[in-house]
There are 2 protein chains.
Amino acid sequence: MKRNSRLSSTLHILVHMAEAPDRALTSEELAGFIHTNPVVVRRTIAGLREAGIVTSSRGHGGGWQLGRAPDKISLAEISGALGETLLPFSTEPESPGCLVEQAVIAVLDDFRLEAERLLTERLSNITLADLTADFRRRYDLIGVSSHAV
Amino acid sequence: MKRNSRLSSTLHILVHMAEAPDRALTSEELAGFIHTNPVVVRRTIAGLREAGIVTSSRGHGGGWQLGRAPDKISLAEISGALGETLLPFSTEPESPGCLVEQAVIAVLDDFRLEAERLLTERLSNITLADLTADFRRRYDLIGVSSHAV
DNA sequence: GTTTCATGTAACTTAGCTAGTTACGAATCG
DNA sequence: CGATTCGTAACTAGCTAAGTTACATGAAAC
């Protein structure tokens, strides 16, 4: 798993889970999909469990399943549960008392607030169901073209 | 200079340059403002020079100055010239051929495109002049309160 | 109840990124 | 010429996050 690909890797995993609603997938299986380690998977999606997006069970036949229907899981929720910030720039003061810095930070924080609002709104309108639909479209296309040939 | 604070540090520097329009500031001076090294400053704002946002001159009396009026320099330009991405998540394929991944990346790239458009639009409406105005407001406030006491 | 399988989590290692540093050449001014 | 300042390459250091190992906990199968 590359750096900064936690969101896409998690979505990848969740689509696979949505496509196998009848059984639990182990972290081992999930790790295989994104070419990484089971422990990394468990660590990465631990936040999703707390958010109720997925459930996990131990022991024989245990593993991971979606916590609710894919059309009730938005990318905004997923992104939030991963605990990542959408905007990477920092606005931590480094020169306390400097008025120039204070002005810069004030403007940047305003922008950040507005930007996060906008991005979250957009992400709220995309659900896991949209992703699985997109996947199935691609899958059917391949099927059709294979059939044609 | 902390990680991820290149944008705010650069803005800090640029406000100082806007406040001293009559002379060139050396990288040594600029580095002092953000508590870092002259070489780091030169490296960081090299892109701004190529974008015409600042100019640099060598030798005696040399240093850095704004390339044009502060109200003609938008944060969008500055951010772009720094070569940083506004959105931190990666959409690099890691499993070529995987249809699930392709669906995820397609949706995420669409979102990124729209998000970058929105953010850039917002940043285009903020200029360096807005920052200096904010700074002066704070400066005058301090002045008034000092006078009152 | 014992065995097996799977998660939960802590602790450590490794890799990559970026700031920081050193060094030196090129340009400019007095 | 000598002082100053940028431009840039090359190296070092430190932080962050992924990867790994290890082991305890819990659940199902037998």
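**Figure 1. Contacts across the sequence of chain A in the predicted model.** Counting contacts in chain A between residues at least 6 apart in sequence, 60% join residues that are at least 24 apart. Chain A is built from 6 helices and 2 strands, and the order of these elements from the N terminus on is α-α-α-β-β-α-α-α. The radius of gyration of chain A is 19 Å, whereas a compact globule of 149 residues would have a value near 15 Å. Taken along the principal axes, the C-alpha atoms fill a box of roughly 65 × 40 × 25 Å, and 44% of the 149 residues of chain A count as buried.

**Figure 2. Close-up of Ile53(A) in the loop between helix 3 and strand 1 of chain A.** Ile53(A) has a relative accessible area of 0% and is therefore buried. Leaving aside neighbours within four places in sequence, the residues in contact with Ile53(A) include Leu48(A), Leu66(A), Gly67(A) and Arg68(A), and also Ile73(A), Glu77(A), Ile78(A) and Ala81(A). Ser74(A) lies 21 residues from Ile53(A) in sequence, and the C-alpha atoms of the two residues are 9.5 Å apart in space.

**Figure 3. The relation between chain A and chain B.** Chain A is superposed on chain B, with an RMSD of 0.1 Å, by a rotation of 180° with 0.0 Å of shift along its axis. The two copies are thus related as by a two-fold rotation axis. The same surface serves both copies, in that 100% of the contact residues of chain A recur in chain B.

**Figure 4. The protein surface near DNA strand D.** Of the 26 residues around DNA strand D, those that come nearest are Met1(A), Thr36(A), Arg43(A), Arg58(A) and Arg49(B). Among the atoms of DNA strand D that come within 4 Å of the protein, sugar and phosphate account for 62%. A polar backbone atom of Met1(A) is 2.6 Å from a phosphate oxygen of DNA strand D, while a polar side-chain atom of Arg43(A) lies 2.7 Å from a base nitrogen of this strand. From chain B, an N or O atom in the side chain of Trp64(B) is 3.4 Å from a phosphate oxygen of DNA strand D. The elements that give two or more residues to this surface are helix 3 (38–50) of chain A, together with helix 3 (38–50), strand 1 (54–57) and strand 2 (63–66) of chain B. Helix 3 of chain B gives the most, with 4 residues, and by class the surface has 5 nonpolar, 12 polar and 9 charged residues.

**Figure 5. The protein surface near DNA strand C.** Around DNA strand C there are 25 residues, of which Arg49(A), Met1(B), Thr36(B), Arg43(B) and Arg58(B) come nearest. Sugar or phosphate holds 63% of the atoms of DNA strand C within 4 Å of the protein, and the rest belong to bases. A backbone N or O atom of Ser27(A) lies 2.7 Å from a phosphate oxygen of this strand. Side-chain N or O atoms of Trp64(A) and of Asn37(B) each have a phosphate oxygen of DNA strand C at 3.3 Å. Two or more residues of this surface come from each of helix 3, strand 1 (54–57) and strand 2 (63–66) of chain A and from helix 3 of chain B. Helix 3 of chain A gives the most, with 4 residues, and the classes represented are 5 nonpolar, 12 polar and 8 charged residues.

How values were computed
Residues numbered from 1 in each chain as written. Chains lettered and ligands numbered in written order. Predicted model: local features only at pLDDT ≥ 70, side-chain atom pairs only at ≥ 80, totals over all residues. Heavy atoms only, no water. Near = heavy atom within 4 Å. Polar contact = N/O pair within 3.5 Å; in protein donor to acceptor, adjacent residues only side chain to side chain. Nonpolar A, V, L, I, M, F, W, Y, C, P; charged D, E, K, R; others polar. Buried < 20%, exposed > 50% of the residue type's maximum accessible area, 1.4 Å probe, protein only. Contact = heavy atoms within 4.5 Å. Least-squares fit on C-alpha atoms with pLDDT ≥ 70 in both. Rg over C-alpha atoms; globule rule 2.2 N^0.38 Å.
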